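Student: Could we go through this structure together, one question at a time?
Tutor: Gladly! Have a look at it first.

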Amino acid sequence: MKRYNEVLAVDHIDLNVRGGDVYGFLGPNGAGKTTTLRMILGLITPTEGTAELFGRDPLRQGARALDGVAGFVEAPRFYPYLTGRKNLQLLAALDGDEAATRIEEVLDVVELAPRAKHKVGGYSHGMRQRLGIAAALLRRPRLLILDEPATGLDPAGMRDMRALIRRLAGEGITVLLSSHQLPEVQELCDRVAIVDSGRVVYEGALADLRRQGGASYRLRTSDDVRALELARAHEGIEHAAAGEHGLSIQADEQHVGELSLALGRAGVAILALTPELATLEDLFFRLTEGGNGAQPQPVAIS
Amino acid sequence: MSRAAGATATQSPLGPAFARRRRPSTLTIYRWELRKLVRQIRTYLGLVLMVILPLIFVVFESLHHGRNHGENIFATEITQSGLATPVLMLLFMSGFFLPLAAALVSGDIVANEDGNGTLKTILTRSVDRGQVFAAKALAAMTYAAVAVFLAAAVATVAGVVSWGFHSVTTFSGTVVSAPEALLLVFAANAVYLIPLFALVGIGVLLSTATRNSAAAVVGTIGLVILLFIVAQIPGLESIKPYLLTEQFQNWQGLLRTPTDWAPIAHSAWVCALYGVPALFAAYLVLLRRDVAGG
């Protein structure tokens, strides 16, 4: 738990990140995302309890608790009076092992090799973000923590950053991605945690979340008028309306299944029944602002 | 897994099976601290002062032969031997300019990184906070020592070039040979480092606690000025021997025959009372504080 005066910033957050995940960590400003990341990296102390990563507490076990973990919280920071390569040499020296031998390799990965001899003070925001990832890769991490890596990037920079994250994930690195860029999360992440006011309001597979929130179906039949009558009369169908491309049905999977059987019995042929998943953006706002749509059920956090 | 309250990220397949990394030594971090100092322009502000002041002094003295130098024996023989110059310069610079140079780096060394956000960059690598602290404190002390010996070296070379490499007369009136005088100059500067290191400890504490370079530098040098003022207040004579600023002249015991070790020994423990708690407090502050700057 982390409290700043009267404000409860983080309240019992538990993230279950599985090996190989690209795990999205979402929440509005002030929800506690950055505070959580700072705590698990040992940068700040919990007001109560402990913050653990793989069962290890950085505040008790020091740097050893961060073995296999790398990344940055907020924008990555470097020494502006040193070149990109010199910054990496410094950080490699602080990592020990063979980190120094990987400098050229990681510069190539983030495509900064041609600018490595220039001072970081002259780097653009995007170049610093990429240098931040290069610095993290020096540690040969199994878990890469990235806090808003695409913030402040132009569209091309965001595209390149997404491609880089996808590539790193493809190489087996687990990524914990804290982001405001919901389309980016939707595109990259397998599982997500959404936090609000310091608590997890959803944790689980992104697909499950979208299924829970997206109990909406598009239905085309041989007789839409008759189908609409049957749908409106059918128990469990929350909403049914005729639209330009057929009927729009709101109900859970079970009741839609029952409706399809009822349509068959009534001699109405189903031409298409398509689930329409809610976007992550819709669900995010429903969970963090309390929308009028169907609320996904918060999952138990183990 | 203990999780009374807080934040946890688990990734069980990777959990306990990490291979242990070989940790970098504190010496490695210290070397990088020095490299960082070398690459920063502001590092040279104090050092330029250490070069310019002795040169100005020697040029000024060369242009004003025979002026009244007061009662200091080294001042009266300034033009007799170039080796009197570093002694006079130490006398002149030990009260303010050398503490200023020490404060410039010690007050900045943690706060600057905190403000720029690079402290969190290095604290998420494979080094412990204690190692980072030790390396920074040692680097600040190294800088202070470099400033002291740079000023001494410039003063010695400029003095010898101007007035020759001759014997000098000590505070107790004994004449010592030029090589012996050179050795005494070195030793006097080394002994002066005792109170200066204590001041560095205070600078590092302020740097760590305030997280603000300017406040820490001004606070450190402000403390020196405050203690000088306290020493002048009538009725406070009894505490004067225990003021840090009074220890800035401890080295003068070396320039007596026989060597007067009493002020040096006194200075050593008085300075320890200032420096050791300051460094320990700074260590605890860095160990326990939230690092969220930048």
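Student: How much area do chain B and chain A bury between them?
Tutor: This is a predicted model, in which local features need pLDDT of at least 70, side-chain atom pairs count only at pLDDT 80 or more, and totals for chains, interfaces and linings use all residues. Residues are numbered from 1 along each chain as written, chains are lettered from A and ligands numbered from 1 in written order, and side-chain values use heavy atoms, without hydrogens and water. Buried area is the accessible area (1.4 Å probe) that two parts lose on being put together, summed over both. Carbon and sulfur atoms account for 50% of it here, and the total for chain B and chain A is about 5,100 Å².

Student: How many residues of chain A are in contact with chain B?
Tutor: Contact means heavy atoms within 4.5 Å. By that rule, 48 residues of chain B touch chain A, and their partners in chain A number 63.

Student: How many salt bridges cross the interface of chain B and chain A?
Tutor: We look for a side-chain nitrogen of Lys or Arg within 4 Å of a carboxyl oxygen of Asp or Glu. One such pair is Lys120(B) with Glu74(A), whose closest N and O atoms are 3.1 Å apart. Across this interface, the rule finds 4.

Student: Which residue forms a salt bridge with Arg139(A)?
Tutor: Arg139(A) lies in the loop between H5 and S7 of chain A, and its partner is in helix H3 (residues 84–95), 44 residues apart. The closest N and O atoms are 2.6 Å apart, and the partner is Asp95(A).

Student: Which strands stand at the edges of the open sheet in chain A?
Tutor: Helices (H or I, at least four residues) and strands (E, at least two) are DSSP runs numbered from the N terminus, and two strands pair if DSSP finds at least two bridges between them. The 6 strands of this open sheet have the order S6-S7-S8-S4-S9-S10, with mixed pairing. Each edge strand has a single partner, so one side of each is left without a neighbour in the sheet: these are S6 (69–72) and S10 (199–205).

Student: Do S7 and S8 of chain A run parallel or antiparallel?
Tutor: Strands of a sheet pair through backbone hydrogen bonds, in either of those two ways. In this pair, Leu146(A) stands opposite Leu177(A) in S8(A). Strand S7 (residues 143–147) and strand S8 (residues 174–178) of chain A are joined by 5 bridges, and they run parallel.
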